Number of protein chains: 2
Amino acid sequence: MTIKKQAGRGIITREMRQVAEYEDVPAEFIADGIAEGTIVIPKNRKRSFPHIRGIGKGLRTKINANIGSSPYHMDGDEEIQKAHAAARHGADTIMDLSLGSEIISIRREILKESDVAVGTVPLYQTAFELSRQKRDITDMTIKDFLATVENQAEEGVDFVTIHAGVTTQALDALVSQGRVLDVVSRGGSFLISWIKKHGRQSPLYEYYDEILDILAEYDVTISLGDGMRPGAVADATDRAQITELVTLGELACRAWDKGVQVIIEGPGHVPLNMIEENIRLEKSLCNGAPFYVLGPLVTDCATGYDHIAGAIGGALAAYFGADFLCYVTPAEHLRLPTIDQVIEGVIASKIAAHAADLAKGMNYARARDLEMARARKDLDWHGQINLSLHSEKAQVIRDSSEIGKDNVCTMCGEFCAIKRLQDVL
Amino acid sequence: MTIKKQAGRGIITREMRQVAEYEDVPAEFIADGIAEGTIVIPKNRKRSFPHIRGIGKGLRTKINANIGSSPYHMDGDEEIQKAHAAARHGADTIMDLSLGSEIISIRREILKESDVAVGTVPLYQTAFELSRQKRDITDMTIKDFLATVENQAEEGVDFVTIHAGVTTQALDALVSQGRVLDVVSRGGSFLISWIKKHGRQSPLYEYYDEILDILAEYDVTISLGDGMRPGAVADATDRAQITELVTLGELACRAWDKGVQVIIEGPGHVPLNMIEENIRLEKSLCNGAPFYVLGPLVTDCATGYDHIAGAIGGALAAYFGADFLCYVTPAEHLRLPTIDQVIEGVIASKIAAHAADLAKGMNYARARDLEMARARKDLDWHGQINLSLHSEKAQVIRDSSEIGKDNVCTMCGEFCAIKRLQDVL
């Protein structure tokens, strides 16, 4: 039985207990959430890893780091280092988005080495394998695709992005309204070119039940991809995006019926004023399934600093109910990220998640900020560094300056407000 | 006549025309806003500088960069370089918060060298001069303070922070409610210790009219300081902060009566869920005077990354109506910032301001993002770099990777979604 089916029967599993302990909630709360579909625990039945996490309503906001090689930059060791660095700095899950000749070996290594749940996009492997045979993704048969899904599920992948919402209807909506920047999702672009070539419905939608059967067998969580996510704020919340989201709501129910846990993927580029409606709409159309947003980026113009644009959008999204933030690195729109850029992306996302949880009144976040405030009042620098979301970086910055006598810092020196009021109040 | 008085009589000045041109609005709109108090143009009548800017309702969100030496790190040349770097990267104003032996020479140099409005906190100079005489700020007489204000106004300072809202009433509120982190404003801590020592009302409140007379003479804009701003999210929106804000509303009206333009300073550390109410409260209590927020920081735990915590808070604050964002650098809470950290702070703040203006539907922001989206669709890398809020950084990141053939990037290589759809759609 899958985790979802067990939860439906009121069975509390070891994973549920582990998640409940981490979240400091009763295990029944986790089981109820999984049964309702508002919580998921991505974990393949064939894989074991220490940091099992729940994602969803009432839980801490989780963050994902995308790693993986590209055809123009292929270095397996570097990707493993990225996986370790991401998890060490606070990523709750890793997605391996590798493309290129070492796609299989890199995934296997990441599955072996990672302490956290690992996700993939099976369509990438199918595309790459066809490309190696000098064929195109538009030559894909459903057999090709199902074989990849089975292969990855068998290897232990915990959650997979399936772009089953990229349908002829969504494409019609895209074409009828028009967009400034069409489609920026790799998976979305593959399926659109497939649909255009064959003039019929996407095989991922047509054979959705067969996909679910494989996922149910290995207890792989489905992350319903947003192939129609806007890649520019001018395209946000448009006909194509919402048509796809309506379909994702339908597909979520069908997955639940087969005992498969569901995550819904969301945008993308969204201006600040549209974030709340995007979250509320997903919760409504998808019956409360956990919402996994990419950023969102609140402007198109922060190239080189998209982790900051993503932190702004992610904080607000999580505050309004997004459950799972996919990080964005400073390299977004420019290149495959380096290890350092992966770390910067994780920290930015972590700040967003923490700020949202604090605003939602979550105890763990309030306790940490309170402890930090007390460390500041006491001019306890060791405590301040330890409580920082990236202690090493905070320590490096402090150590780089002439550290003041009197236990203050070089910002105010002897004119430190905190020190003065320690004496006065 | 001050700018404010002229606006009240319907006179359109050269400064108003310049601001109207930059904002792409009628000059009458600027004059009306200044007359009502919802817009300011900080500019000392004795100073000329090229980038004259308006701050307030209906205008682009502006950003300020704080620079200046500290007693433990004193390097005049470095501060001038910071001033230049900040303005070059998009700061609309500079505040010189210098303390220490070169306070006067550094300010004079910044006033001479800067292309933008320059602000100061005269109380710092008073504190430093007393300290040089082995006396404390609690020994300050109103004569000492007025002499500093006059001295700085005469030198050409365009706006000054005056913490006249730190009163016995605000201190009573602070003590009666209690705080985790008391007071983190330097100016606030000076005045609280003064009030505690003398057991009577702050001289800055008692002699407020005399201060205004000097500011009116030189047409210096008053920025009413928030000495009671919370320094921890646990203290946000408390009795002391709001007591001070009520007073600032009263002081704003008194400044307007004397023809002095007014900015209101605000927090500080504010959780996401309290940002909207903080902005609405200021607009209501201070009759729509421009609101100048420091960050705000949405968590206490982002040490080393406070520019990101500040960008999250700043974007939301500006979206809800804050007019002027004071940047926060990655060095906040740790040290006086380096030049690079000043740049990182400016860019983060710029992203916040831009995202807010985009969400408010401002034409300049929408046009830039639209142009970026088109450059992305065309795989026009030169255009994308140029339209980035920090082009140099974007260029460095792109150049650091194996730049793809086919004009793509190393993220997806040949599997680029945009390239695929150029061919298909």
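## Starting with one residue

Is B:Asn287 buried, partly exposed or exposed? With a relative accessible area of 44%, B:Asn287 counts as partly exposed, because that label covers values between 20% and 50%. Keep in mind that this is a predicted model, so every value here is computed from predicted positions.

Where does B:Asn287 sit along its chain? Look in the loop of chain B that runs between α13 (275-285) and β9 (291-294). Leaving out residues up to four places away in sequence, B:Asn287 touches B:Cys253, B:Trp256 and B:Glu282. Take B:Cys253 from that list: B:Asn287 and B:Cys253 are 34 residues apart along the chain, yet their C-alpha atoms are separated by 8.3 Å.

## Chain A as a whole

Now zoom out to chain A. Its secondary structure adds up to 19 helices and 10 strands. If you measure along the principal axes, the C-alpha trace spans about 75 × 45 × 40 Å. How does the radius of gyration fit with a compact globule? For 425 residues, a compact globule would come out near 22 Å, and chain A has 22 Å, so the two agree.

Plenty of chain A is tucked away: buried residues make up 66% of its 425 residues. The chain exposes about 13,900 Å², and carbon and sulfur atoms supply 47% of that area. What about contacts along the sequence? Among the contacts in chain A with a separation of 6 or more, 73% link residues 24 or more positions apart.

## Two helices that cross

Let's pick out a pair of helices in chain A. Helix α8 (residues 168-177) and helix α9 (residues 186-198) have axes that come within 10 Å and cross at roughly 95°. That angle makes α8(A) roughly perpendicular to α9(A), because angles from 65 to 115 degrees get that name.

Which residues meet there? On the α8(A) side you can find A:Thr168, A:Leu171 and A:Leu174, and on the α9(A) side they meet A:Ile192, A:Ile195 and A:Lys196. Sorted by type, the residues of this contact are 4 nonpolar, 1 polar and 1 charged.

## Some unusual backbone spots

Here's a handy rule for this part: most residues other than glycine have a negative phi, and most peptide bonds are trans. So the next few spots are worth finding in the structure.

Start with the peptide bonds. In chain A, a cis peptide bond joins A:Pro267 and A:Gly268, with omega at about 15°. A:Gly268 belongs to the loop between β8 (262-266) and α13 (275-285) of chain A. Over in chain B, the bond from B:Gly295 to B:Pro296 is cis, with omega near -10°. You'll find B:Pro296 in the loop between β9 and α14 (306-319) of chain B.

Next, phi. A:Asp219 isn't a glycine, but its phi is positive, near 55°. A:Asp219 lies in the loop between α11 (208-218) and β7 (221-224) of chain A. Is A:Asp219 buried or exposed? Its relative accessibility is 4%, so A:Asp219 counts as buried. In chain B, B:Asp219 has a positive phi of about 55° and isn't a glycine either. B:Asp219 is placed in the loop between α11 (208-218) and β7 (221-224) of chain B, and with a relative accessible area of 5%, B:Asp219 is buried.

Notes: Residues numbered from 1 in each chain as written. Chains lettered and ligands numbered in written order. Predicted model: local features only at pLDDT ≥ 70, side-chain atom pairs only at ≥ 80, totals over all residues. Heavy atoms only, no water. Helix = DSSP H or I, 4+ residues; strand = E, 2+ residues; numbered from the N terminus. Buried < 20%, exposed > 50% of the residue type's maximum accessible area, 1.4 Å probe, protein only. Contact = heavy atoms within 4.5 Å. Axes fitted to C-alpha atoms, helices over the stretch in contact; angles between N-to-C directions. Parallel < 35°, antiparallel > 145°, perpendicular 65-115°, else oblique. Nonpolar A, V, L, I, M, F, W, Y, C, P; charged D, E, K, R; others polar. Rg over C-alpha atoms; globule rule 2.2 N^0.38 Å. Areas by Shrake-Rupley, 256 points an atom, 1.4 Å probe, with all protein chains shown as cover.
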